[in-house]
Amino acid sequence: MATRTETMTVNMGPQHPSTHGVLRLVLELDGENIVSSDPTIGFLHTGIEKTAEQKKWQQIVPLVERMDYLGPQSNSLAFCLSVERLLGIEDEIPERVTNIRVLIAEVQRLSSHLVWLGTHAMEIGAVSVMMYAFREREQILNIFEMIAGFRMFPSYLRIGGLREDLPRGFHDVLGPFLDKMSEKIDLYEVMLTKNQVWTKRTVGVAKLSKEDTIAMGLVGPLARAVGVPYDVRKVFPYLNYSTYDFIVPTRTDGDVFARYQVKIEEMRQSVKIAQQALKRISPTGVYDCGDYRIVPPPKDRVYTEMEALIQHFLIYSQGFNVPKGECYVPVEGPRGEHGFFIVSDGTNRPVRIKSRAPSFYACQALPRMIQGGLIADVIAAIGSTDVVMGDVDR
Amino acid sequence: MAASADLEVPVLTTTVEKMVQWARRSAIWPVTFGLACCAIEMMAMAAGRYDVARFGAEVFRGSPRQSDLMIIAGRLSRKMAPVLRRIYDQRPEPKWVISMGACASCGGVFDNYSIVQGVDQVVPVDVFVPGCPPRPEALIYGIVMLQRKIDRSRMSA
Amino acid sequence: MSSDPARTDASFLDLVRTAVPGASIEVAPRIDMPVAIVDRDHLVDVCQTLRTHPDLQFSVLLDVTAVDRLPAAPRYEIVYLMVCLGPAYGTAPARRLRLKVQLADDSAAVPTVSSVWPAANWAEREVFDLFGITFEGHPDLRRVLMPDDWEGAPLRKDYPVQIRKDTASWSPMQLTEEQFAANMRAAREHAARAARSIRGDK
């Protein structure tokens, strides 16, 4: 009797505990091996870019924070930098504000990597790592709540500076936290790096070659895990990153374990940068560029001076006009190069806002990564690429 | 519940219905239906600091067929609506739905072509939890409200 | 820092002009990176030169997007953002470039650059999905973000932001594996057919 093999089509649907959001993967399987796969995205398409065309420039900051919801303030930082360059006020942002922005960006990177570590490890099976990582993340969310009153989407970074000054006691909370954070990262490494269960599930899994990584447009931790030391903070520095002392970690293997190692090391570097930034920031001081056509004047002046009242009213009723032109200033987000391509026609509303989403390209590269592997490796692969569906679908 | 004071062994009497509803509401197991940002706060609720397990939601089931509760956490797009309805239909009775966040309750910040303006257009909702995203304590309060609702309701419902 | 001339220096485009004679490459005003407007017919050759020329090496395509400038003319601009990674990957210096192709309306198609950078595959699908602009030679042109049976291109300026539509949510409960595979195939064919009818070819 002749035997015949055929492949089986299985749906790993949008509702799945381990697909990091709503991603559908239709897998063609030969036993447990994956012959081919077809990702379908769009289940979280929110039309943020279309909605943003109806909003005034300063109203878009909370909107874009909800795109990449694990690292929201890197979104708002990228947006604010693009708008500020188009406005031409880039040089008027005070040094203190720039240092605070660096601090917030690095703490945000830490928070995003903690969620990545927790969920990635939990899906592979190390459930307790999630509890540890979320414990540290709660402390970071406490800090965000201190500065702007909101845990996840503080909208603290605004066009022209910050929303308000740092609260009292900020240094006393953040300093000890950062000092203890490096021990916590060592703890995560103790739990995972030499753990045989972890290495058996991650070493050699979901490899992507250097040429494929670059050809698929992946720049970020995924590229650094194949040996391409490209980091926007070093190659095209923004804010004042060129004055900070940090290294860009790379590995050469390009598998899940290499990406894990790169990100753990990035967390350590983030702590280092944040500690340097914290030393440079004075507890109170200037917090915006002082141009009251763009940032609102302080409230006590609004209540007593006529001109400040008019400026406040104009900003909140009709906003400010951004000169005609286009701009793209990317930042190094937790997932890679992240930037907003904005087009303005001189009015108080944008013509187009396009977010260059690193997760979009990571999703595109998924079929190449998982081909030939096992189903269980799909989970590891998706976790290692750190896709956030809000960023993919916008 | 009446206590019989003249017996040596204390005895409480109640109705079967109250016992069943008490059992049902003390161990509500949700199915993972995290869509967007609210899912992260839902995970934070399940993590160590807010620990929803002490309220009965011990595990988040992966399969809808083993769950009691569906917390729709996040914005529902039109492409996802059939999937939501199918997951809801696959769950056995008794089943409850919590709509978490502004986007699930009413469309939230996103009133546009792509977001369903409230998941109650697709599934019947028991509790709405407002917020963007709601704090984990707010979601726990929503679950407690649901527990009170189950206590009040009749078994056949 | 903001008036750094090296950042907007577009002189390297002369290398492209020599390599692809006949291409019209105009440099546009810019403040953040060199911007060039290319004509549609020479787009693929220009991109190939940008990627493979040893002094240019724009190996990473960051994004492909479109801008609908209604009522300004030309209406559509297809924008390509690319970067040369510098010493991290190659020998050419680190640079950024923004390339634009202008279209008067959606009747003309733009040649695909997915043969030059595979990363363009999904990005061009997204432009097709949200703007209705066709890419010639694309291996798999169908909708990516919107549902497959969606009508219209949502990000065009004449498409409304808010619509009132009944939410379609019913789907059959039990399927066999053959039915599921057949559904997937039918969905792909339907999407391809819808895409062909949007493009207007019969």
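Contact, as the word is used here, means heavy atoms within 4.5 Å. With that in hand, welcome to a tour of this structure, which is a predicted model.

## The sheet of chain B

Let's start in chain B, where helix H5 (residues 136–152) lies across strand E4 (69–73), E5 and E6. Relative to E5(B), this helix runs at about 155°. The strands under the helix belong to an open sheet of 4 strands, ordered E3-E4-E5-E6, and the pairing is parallel. Strand E3 (30–31) and strand E6 (127–129) of chain B each have a single partner strand, so these two stand at the edges and one side of each has no neighbour in the sheet.

If you would like to follow one pairing by eye, try strand E5 (residues 96–100) of chain B with E6(B): the two are parallel and share 3 bridges. B:Met100 is a handy marker, as it stands opposite B:Val129 in E6(B).

## The sheet of chain C

In general, the strands of a sheet pair through backbone hydrogen bonds, in either a parallel or an antiparallel way. Chain C has an open sheet with mixed pairing, in which 5 strands follow the order E1-E2-E5-E4-E3. Its edge strands, E1 (25–27) and E3 (60–68) of chain C, each pair on one side only. On average, neighbouring strands here are turned by 25° against each other, direction ignored.

Within this sheet, strand E4 (residues 76–84) and strand E5 (residues 95–103) of chain C run antiparallel and are joined by 9 bridges. For a reference point, look at C:Glu77, whose bridge partner in E5(C) is C:Gln102. Helix H4(C) packs on the sheet and touches E3 and E4 of chain C, with its direction making about 10° with that of E3(C).

## Where chains A and C meet through helices

Helix H4 (residues 120–131) of chain C also packs with helix H14 (residues 358–370) of chain A, at an angle of about 120° and with the axes 9 Å apart. The crossing of H14(A) and H4(C) is right-handed.

From H14(A), the contact draws on A:Phe360, A:Tyr361, A:Cys363 and A:Gln364. From H4(C), the residues are C:Asn121, C:Trp122, C:Ala123 and C:Glu126. Sorted by class, this contact has 5 nonpolar, 2 polar and 1 charged residues.

## A pocket lined by chains A and B

The second largest pocket has a volume of about 850 Å³. It is lined by 41 residues, and those closest to its centre are A:Pro17, A:Met122, A:Met130, B:Thr32 and B:Met43. Three helices give two or more residues each to the lining: H4 (95–124) and H5 (127–148) of chain A, and H2 (37–46) of chain B.

What classes of residue make up the lining of this second largest pocket? There are 28 nonpolar, 9 polar and 4 charged residues.

## Backbone details to look for

Two cis peptide bonds are easy to find from their prolines. One joins B:Cys132 and B:Pro133, with omega about -10°, and B:Pro133 is in the loop between E6 and H5 of chain B. Another runs from C:Leu70 to C:Pro71, with omega near 0°, and C:Pro71 is in the loop between E3 and E4 of chain C.

In chain A, look at A:Leu239, a residue other than glycine with a positive phi, near 45°. A:Leu239 lies in the loop between helix H10 (232–235) and helix H11 (256–280) of chain A.

Conventions: Residues numbered from 1 in each chain as written. Chains lettered and ligands numbered in written order. Predicted model: local features only at pLDDT ≥ 70, side-chain atom pairs only at ≥ 80, totals over all residues. Heavy atoms only, no water. 1 Å grid on protein atoms, 1.4 Å probe; cavity = no way out; pocket = protein on both sides within 12 Å on 5 of 7 lines; lining within 4 Å. Points joined across faces, edges and corners; volume = space filled by probe spheres on them. Nonpolar A, V, L, I, M, F, W, Y, C, P; charged D, E, K, R; others polar. Axes fitted to C-alpha atoms, helices over the stretch in contact; angles between N-to-C directions. Left-handed = near helix turned anticlockwise from the far one by under 90°. Pairing = 2+ DSSP bridges.
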